[in-house]
Number of protein chains: 2
Amino acid sequence: MTVLILTSEEDVTADMVVLRLGEAGVPVVRLDPADLTNGVALSGEYVQGACRGHLSVGGRLVSMNGLRSIWVRRPGQAAARAAQPSAWLTEESDQALYGMLRSTDARWMNHPDAARRARHKPWQLRLAQRAGLAVPATLITTFPQAAREFAERFPDLVVKPVSGAHPQEPPRAVPTSRVAPDADFSAVAFGPTLLQRRVPKRADVRLTVVGERLLAARKPVDPGAHPDDVDVRFAPSVSPWLPAQVPPRVAEAVHRYMKCAELAYGAFDFAEDADGIWWFLECNQSGQFGFVEMDTGQPIAAAIAGWLAGDGDAVPSAGGDGDQAG
Amino acid sequence: MTVLILTSEEDVTADMVVLRLGEAGVPVVRLDPADLTNGVALSGEYVQGACRGHLSVGGRLVSMNGLRSIWVRRPGQAAARAAQPSAWLTEESDQALYGMLRSTDARWMNHPDAARRARHKPWQLRLAQRAGLAVPATLITTFPQAAREFAERFPDLVVKPVSGAHPQEPPRAVPTSRVAPDADFSAVAFGPTLLQRRVPKRADVRLTVVGERLLAARKPVDPGAHPDDVDVRFAPSVSPWLPAQVPPRVAEAVHRYMKCAELAYGAFDFAEDADGIWWFLECNQSGQFGFVEMDTGQPIAAAIAGWLAGDGDAVPSAGGDGDQAG
């Protein structure tokens with residue numbers, strides 16, 4: 001049984017996982033859908049009630065029925081590197097490849113439908129509430145009056161994008177910023193705006209979930225940090241991420257979230273306040289983990305390799321111990 | 001409880017359903033996501049574990065918690081008609097609108113995830129097989145040699161697109177065509193090709209499914225029809241669609257298909273052969289039904305209105321009788 005990894009050629013994070021799978025003797029095929037019809041070929045036959053599908057990558061033939069799991073890492077756009085690329089060829093190749101892969105019994109990390117759904121921030125906030133996580137008061141609106149009233153109730157606000165990243169090539173992250181108390185909210189009418197109560201935080205928390213495993217990392221806010229530096233991705237910092245213990249109630253809620261979202265992998269961002277409460281900010285279903293593993297030494301790549309190599313919902317042991325260690 | 005219909009302004013098919021809902025006294029809101037921030041506004045508040053969302057259309061305010069059902073008919077691209085449209089505004093508006101709607105308890109016809117999955121032809125073929133429908137031998141391939149061998153086993157073939165429609169604006173349907181027995185299959189290497197055994201048909205069948213209801217229509221092939229006229233959408237024909245009875249085994253299989261696909265609406269195309277077997281060709285989750293209702297008098301619009309107005313999986317009675325009548 002083979003593990004299929006859909007990603008681009010240059011992906012050092014995928015390399016880490018491939019290495020672990022190789023050490024465990026698990027067959028791996030790495031494929032970039034962008035190479036379809038130019039290095040990658042596919043075939044599926046539907047005859048007499050049965051289906052037999054095959055992929056060919058660099059001359060190697062793999063049966064789709066023999067796929068154990070599929071890791072959707074950073075796949076390129078289908079047929080983007082074909083000899084004569086076109087929107088039509090991309091559409092045909094995308095439908096053919098994913099249409100066949102969707103028909104297999106392989107486990108997905110993450111399934112394309114779950115991944116797409118999980119990107120919706122409003123849906124994330126609602127699911128986090130339902131799962132029992134603490135969610136800062138949030139408003140998403142195009143009504144200036146609603147924004148003004150919200151700012152009166154919650155004077156200390158941040159603003160952030162609804163969709164997460166600016167659709168540029170490459171996508172650009174838009175930093176979360178504080179809203180001045182005397183802000184003019186009339187421009188809200190021109191586009192959905194996400195306003196959120198600012199959590200006065202003493203630490204940022206990144207919780208990486210792989211199947212049933214929770215690997216938390218924590219970075220205390222620098223004592224001299226400026227209160228306007230709300231976005232850990234952009235704030236200057238010299239302190240590294242450190243392994244952290246997950247509070248039991250948060251762990252339960254996160255498991256509920258993952259189950260309901262049908263995700264096998266998720267990277268949660270929390271803001272920890274002075275009382276130790278972890279406030280849910282977002283769950284990125286394709287969040288990076290290399291920087292956490294580098295800082296903390298937590299075996300995230302090994303956990304992913306273990307999940308991909310496993311064949312059930314049981315926690316695979318490939319990663320060894322070391323997660324959740326404080 | 002309100003029915004929300006996502007569609008463009010000019011949609012006579014939606015008009016038919018709106019009319020039926022109006023007759024039944026069911027509140028309806030019709031909204032085109034393209035009008036977001038320019039006629040359509042939205043707001044969602046997440047405070048203390050609860051979520052309250054609102055939509056405003058033409059000055060009318062609707063609570064998202066009060067939505068009974070959502071009909072995704074022909075929605076425009078979010079914010080496409082905003083005062084200053086942009087890819088960024090579209091992304092933000094799309095995520096905000098669908099992210100909130102996905103968090104409601106409304107029933108969907110069809111849910112966006114189910115709709116997206118259902119468009120994959122290879123997935124359709126496999127599901128049809130599993131559901132117990134007769135599926136003509138089919139090959140989807142980029143291997144010329146596989147195509148040649150398939151043509152030797154099944155010399156009478158048609159070729160059709162994998163993805164259904166050419167991604168133009170407006171999308172262009174690519175007709176299904178016969179493949180000459182001496183075809184050169186070397187070009188298959190440049191793009192996925194769908195080859196299918198041609199079913200020598202005596203009739204085309206369109207089976208419209210609305211919830212649990214099956215409404216079948218049949219159009220006999222003209223006695224003088226040319227065998228190359230395989231695609232009913234493009235073949236010249238003067239005979240109308242007539243109501244048809246659904247064979248019990250086909251009905252069972254179609255119910256299985258719909259349930260597994262999580263679809264509330266689907267338009268199945270079958271080719272009926274000389275033995276009366278219905279061969280599955282495809283299921284279009286957004287297939288038109290106006291032309292069938294016009295020819296057959298079958299109450300499809302009423303059935304859709306009944307489903308949207310209903311609040312369970314039970315068959316609503318709004319459409320009256322008349323379906324499945326021979």
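Trainee: How many residue pairs are in polar contact across the interface of chain A and chain B?

Mentor: There are 22 such pairs, both residues at pLDDT 80 or more. A polar contact is a pair of N or O atoms within 3.5 Å; within protein, one must be able to donate a hydrogen and the other to accept it, and residues adjacent in sequence count only if both atoms are side-chain atoms. This is a predicted model, in which local features need pLDDT of at least 70 and side-chain atom pairs count only at pLDDT 80 or more, while totals for chains, interfaces and linings use all residues. Residues are numbered from 1 along each chain as its sequence is written, chains are lettered from A and ligands numbered from 1 in the order in which they are written, and side-chain values use heavy atoms, with hydrogens and water left out.

Trainee: How many residues does each chain give to the contact?

Mentor: Chain A gives 64 residues and chain B gives 64 residues, where contact means heavy atoms within 4.5 Å.

Trainee: And what area do the two chains bury between them?

Mentor: About 5400 Å², with 58% of it on carbon and sulfur atoms. Buried area is the accessible area (1.4 Å probe) that two parts lose on being put together, summed over both. A:Tyr46, A:Trp88 and A:Gln95 supply 13% of the area that chain A buries against chain B, more than any other three residues.

Trainee: Turning to salt bridges, how many lie between chain A and chain B?

Mentor: The count is six, and a search of the whole structure finds 32 over all chains. The criterion is a side-chain nitrogen of Lys or Arg within 4 Å of a carboxyl oxygen of Asp or Glu.

Trainee: Which residue of chain A does B:Arg153 meet in a salt bridge?

Mentor: B:Arg153 meets A:Glu45, at 3.0 Å from N to O. The pair runs from helix H5 (residues 144-153) of chain B to strand E3 (residues 40-47) of chain A. Helices (H or I, at least four residues) and strands (E, at least two) are DSSP runs, numbered from the N terminus.

Trainee: Is A:Glu45 buried or exposed?

Mentor: A:Glu45 is buried, at 15% relative accessibility, whereas B:Arg153 is partly exposed at 45%. Buried means under 20% relative accessible area, exposed over 50%, and partly exposed in between (1.4 Å probe, protein chains only).

Trainee: Which partner does B:Arg206 have within chain B?

Mentor: B:Arg206 forms a salt bridge with B:Asp269, the closest N and O atoms being 3.0 Å apart. B:Arg206 lies in strand E14 (residues 201-210) and B:Asp269 in strand E17 (residues 265-273) of chain B, so the pair ties together parts 63 residues apart in sequence.
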